[in-house]
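I opened the model to look up one helix and one residue. My notes follow in the order in which I made them.

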Amino acid sequence: MTPLRTDWTRAEIADIYNSPVLDLVYRAATVHRQHHDPQEVQVCTLLSVKTGGCPEDCAYCPQAARYHTDVKVQKLMEVDEVLTAAQRAKDTGSTRFCMGAAWREVRDNRDFDKVLDMVQGVNEMGLEVCCTLGMLTEQQAQKLKDAGLYAYNHNLDTSEEFYGDIISTRTYDDRLDTLGHARKAGISVCSGGIIGMGETDTDRIGMLHTLATLPQHPESVPVNALVPVEGTPLEDQPRVSVWEMIRMIATARIIMPKAMVRLSAGRVRMNTEEQALCFLAGANSIFAGDKLLTTPNPSEDTDTQLFQTLNIRPRKAFKDQSQPAVTFEQIPMAV
């Protein structure tokens, strides 16, 4: 059984990442089978509950207010709309439901109150409920936990060295602080990044090193391929090859063996064979549904066929974990 380590060096990770690709996939597949059922894939649904108008300048994101994209600004959805979408996701096989809001940070106002109600309602459906809402304080993380939040997503995006080339409106330490606040509240951490933004292999290795040397590995590590969007600074970036995705997935699997490694954005451009290689390399989680926040994703029918072809099945909710107990009591806040 591959031991869990949080003392990886960059040189060790680089040696793994740069190893011959077939050797790398074989090693990752071996580690994967030591810690996971290779026939199980976690199916997640991601819903944008508040779209567009974000004040940040993330170069990849069509929701940034400063870029001219086709994304239309929409206010926070109503609780009943979100719960209807969550039930639909559950009915179609998802076991984790993630809600994303285009905020720089959470604010203690009525919108946050509504999100807490959403979290509680989705938890009561028996789904693993996840949020990605921007930066969090310790107190806000605890409120989300009390409402029944299972996981919090806050991606590092890239290495600390390349980060300033992509984002200037928050720091790398801001991101690490939010992960720490979620962890302190007892919330499962979901954190990964994006490749194809112009970074080097060294940057990719650096991001993986940061994740693998946190005091505790993230329970979920999304690996995203950039989906270039017209109107953003990265609109002309070339497509990431499947072999680059495989190297990232396999390396993440080897150095963080118990994590769910999620094949995330960019999957819509992959055929069945390419996705199968990613699963062989250690990916065991996907997003279902025709949209990831604002970017395209394979259709439900396409994924059903994928699962049938590869003879894989959805992972059950809360496998080996306990469903969060709700200790939340709504107290109205000031606007």
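I took contact to mean heavy atoms within 4.5 Å. I took helices (H or I, at least four residues) and strands (E, at least two) as DSSP runs, numbered from the N terminus. The model is predicted, so I kept to its limits: local features need pLDDT of at least 70, side-chain atom pairs count only at pLDDT 80 or more, and totals for chains, interfaces and linings use all residues. Residues are numbered from 1 along each chain as its sequence is written, and side-chain values use heavy atoms, with hydrogens and water left out.

Entry on helix 10.
I looked up which residues of helix 10 (residues 272-280) are buried (under 20% relative accessible area, 1.4 Å probe, protein chains only). I found E274, Q275, C278 and F279. Seen down the helix axis, these buried residues fall within an arc of 145° (taken from the directions from the axis to the C-beta atoms), so they line one face of helix 10. I noted that their cover includes strand 1 (40-50), helix 9 (242-255), strand 8 (260-263), strand 9 (285-288) and helix 11 (300-310).

I then checked the two ends. At the start of helix 10, a side-chain oxygen of N271 comes within 3.1 Å of the backbone nitrogen of E273. Just after the helix, G282 has a positive phi of about 120°.

Entry on R315.
I found R315 in the segment after strand 12 (313-314). Is R315 buried or exposed? R315 is buried, at a relative accessible area of 14%. Setting aside neighbours within four places in sequence, I listed its contacts as H36, E40, V41, Q42, T95 and M260. The R315 side chain also reaches the backbone oxygen of K319 at 3.5 Å.

Terms used: Buried means under 20% relative accessible area, exposed over 50%, partly exposed in between (1.4 Å probe, protein chains only). A polar contact is a pair of N or O atoms within 3.5 Å; within protein, one must be able to donate a hydrogen and the other to accept it, and residues adjacent in sequence count only if both atoms are side-chain atoms.
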